[in-house]
Amino acid sequence: MQRPAPGSRRFRRATGRKWPPAAVGAALIVASAIAFALDGPVARTAYQQGMDPAAFGFWRASAGVIVLGGWLATGVRPGALATIRQMRRTAAIRLTLAAVAGLGLNLTLFEAFARLPVAVAVAAFGCYPLFVAAWEAASGKTAAGGAGLGLAVLAIIGLVLLMRPDPSVSAPAAGLLLALLAAVLHASYILLGRGGWGEVGDSTAAFLIVATGAAGLGALTAATRPSAVLAPVTDFGLTGLLLFEGALAGAAAPLLFLAGLRRIGATQTAVLSLCEPLTATLLAAVMLRQLPAPTQLLGAALLVGAGVAVQIVPARSPVTTSVSPGPCLRQTRKARGREGASCGTNRAAPGRRRGSE
């Protein structure tokens, strides 16, 4: 019988090896950022056809609710919705606050896209890694707090160079404040979701968050501009575009984001999420033949370098533990095998006990 090659899927299944959680989490965050990259161009297209930000966010979130609801209803995750009743109070509060933050994020960001050039809005919104890293450094949540903060600053510099906001184009103060408010809300969303939701899985949490956004944006649109809600009904091309946008950026992207956030730290997630504007720039270069300038290439290099470094620094950060010398530390391996029960954390592992006796 032929043995599976090392590193292959059969080899990992046979030996019980899995991909490292950090690598899986980084891949999920990058995939979600690529899906989120559709937001800016699709939003501008919808605005040109008569939609306002609230109506656009409502249709995007509604399509996401349909996709995520169908995913849960097909029985892929049986009993997923029933776990909501089993949530602990702290997890329920975090999920509620994250849903409110997601609603505010969608509204403020799409309003900023309506008032600012896309490059300016993305550059201002891209400050959220700095807020996340600063909070984690101040609260001591990560061993590499200072390094993570420095890498976040480096990533934001790369973002500004990549987007190249035109200084001659006017940027209203209201639009800038909305983009910065969206950055604060996105940072809050990341910090609230980094610990998971207890018994509730990522699919259920994403469904509840997106459904909250759809309900809030729908109520706002109905109260302000009810005619804007019906705009896609009379334009089948716009309807197809919004359904496509909702399936990717409204359903798949939030689900991938929550799944990746649980596997890596908040600062790593925030920095890697900046792959979204990098993806948009690359798409423009390939599809529209807009060749990047040297400063944009430098910004892309800074973004990629910060994204790689932010994954390496926490893993290499030394963790110092103070251990008071005691009799368990002075025992020989043979003694530890016999008296492991009295040594607490120094108890020999079951798989090693045979060799130590």
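A salt bridge here is a side-chain nitrogen of Lys or Arg within 4 Å of a carboxyl oxygen of Asp or Glu. Glutamate 111 and arginine 115 fit this description, with their closest N and O atoms 2.4 Å apart. The structure is a predicted model, and every value below is computed from it.

**Overall make-up**

The chain contains 17 helices and zero strands. Of its 357 residues, 44% are buried. The accessible surface of the chain is about 18700 Å², and carbon and sulfur atoms account for 65% of that area. Among contacts between residues at least 6 apart in sequence, 83% join residues at least 24 apart.

**Salt bridges**

Side chains of opposite charge can pair when their charged atoms come close. The count for this structure is four salt bridges. Three of them are listed here.

| Acidic residue | Basic residue | Closest N and O atoms |
|---|---|---|
| Glutamate 111 | Arginine 115 | 2.4 Å |
| Glutamate 136 | Arginine 194 | 2.9 Å |
| Aspartate 202 | Arginine 262 | 2.8 Å |

Glutamate 111 and arginine 115 both belong to helix H5 and are four residues apart, which means that about one helical turn separates them. An α-helix has 3.6 residues a turn, so residues three or four places apart point the same way. Arginine 115 is partly exposed, at a relative accessible area of 41%.

The salt bridge of glutamate 136 with arginine 194 connects two parts of the chain. Glutamate 136 is in helix H7 (residues 128-139) and arginine 194 is in the loop between H9 and helix H10 (202-224), so the pair ties together parts that are 58 residues apart in sequence. Glutamate 136 is buried, with 4% relative accessibility, whereas arginine 194 is partly exposed at 24%.

Aspartate 202 and arginine 262 form a salt bridge as well. Because aspartate 202 sits in helix H10 and arginine 262 in the loop between H12 and helix H13 (266-272), this pair ties together parts 60 residues apart in sequence. Aspartate 202 has 11% relative accessibility and counts as buried; arginine 262, at 40%, counts as partly exposed.

**Helix H3 and its surroundings**

Where do the buried residues of H3 lie, seen down the axis of the helix? In helix H3 (residues 39-48), the buried residues are Asp39, Gly40, Val42, Ala43, Ala46 and Tyr47. Viewed down the axis of H3, they fall within an arc of 170°, so they line one face of the helix. Their cover includes helix H2 (21-36), helix H4 (53-73), helix H5 (89-115) and helix H12 (236-261). After H3 comes glycine 50, which has a positive phi, near 100°.

**Aromatic pairs**

A pair of aromatic rings is described by the distance of the centres and the angle of the planes. The structure holds five aromatic pairs. One of them joins tyrosine 47 and phenylalanine 56, with 6.2 Å centre to centre and 75° between the planes, an edge-to-face arrangement. The planes of this pair count as edge-to-face because the cut-off for that class is over 60 degrees. Tyrosine 47, one of the buried residues of H3, has a relative accessible area of 16%. Phenylalanine 56 is buried too, with a relative accessible area of 0%.

Phenylalanine 58 and tryptophan 59 also form an edge-to-face pair, at 6.4 Å centre to centre and 80° between the planes. Ring pairs further link Tyr47, Phe56 and Phe110 into a cluster.

**Valine 67**

Which residues does valine 67 touch, leaving aside those up to four places away in sequence? Valine 67 lies in helix H4, and its contacts beyond that range are Ala247 and Ala251. The C-alpha atoms of valine 67 and alanine 247 are separated by 6.3 Å, although the two residues are 180 apart along the chain. Valine 67 is partly exposed, with 38% relative accessibility.

**A nonpolar surface patch**

Phe131, Leu181 and Val184 make up a nonpolar patch on the surface, and their accessible area together is about 230 Å². Leucine 181 is in helix H9 (residues 173-193). At 40% relative accessibility, leucine 181 counts as partly exposed, since this class runs between the 20% limit for buried and the 50% limit for exposed.

Conventions
Residues numbered from 1 in each chain as written. Predicted model: local features only at pLDDT ≥ 70, side-chain atom pairs only at ≥ 80, totals over all residues. Heavy atoms only, no water. Patch = residues over 30% accessible without salt bridge, like charges linked within 9 Å, V, L, I, M, F, W, Y side chains within 5 Å. Areas by Shrake-Rupley, 256 points an atom, 1.4 Å probe, with all protein chains shown as cover. Helix = DSSP H or I, 4+ residues; strand = E, 2+ residues; numbered from the N terminus. Buried < 20%, exposed > 50% of the residue type's maximum accessible area, 1.4 Å probe, protein only. Arc of directions from axis to C-beta. Contact = heavy atoms within 4.5 Å. Phe/Tyr/Trp six-rings, centres within 6.5 Å; stacked < 30°, edge-to-face > 60°.
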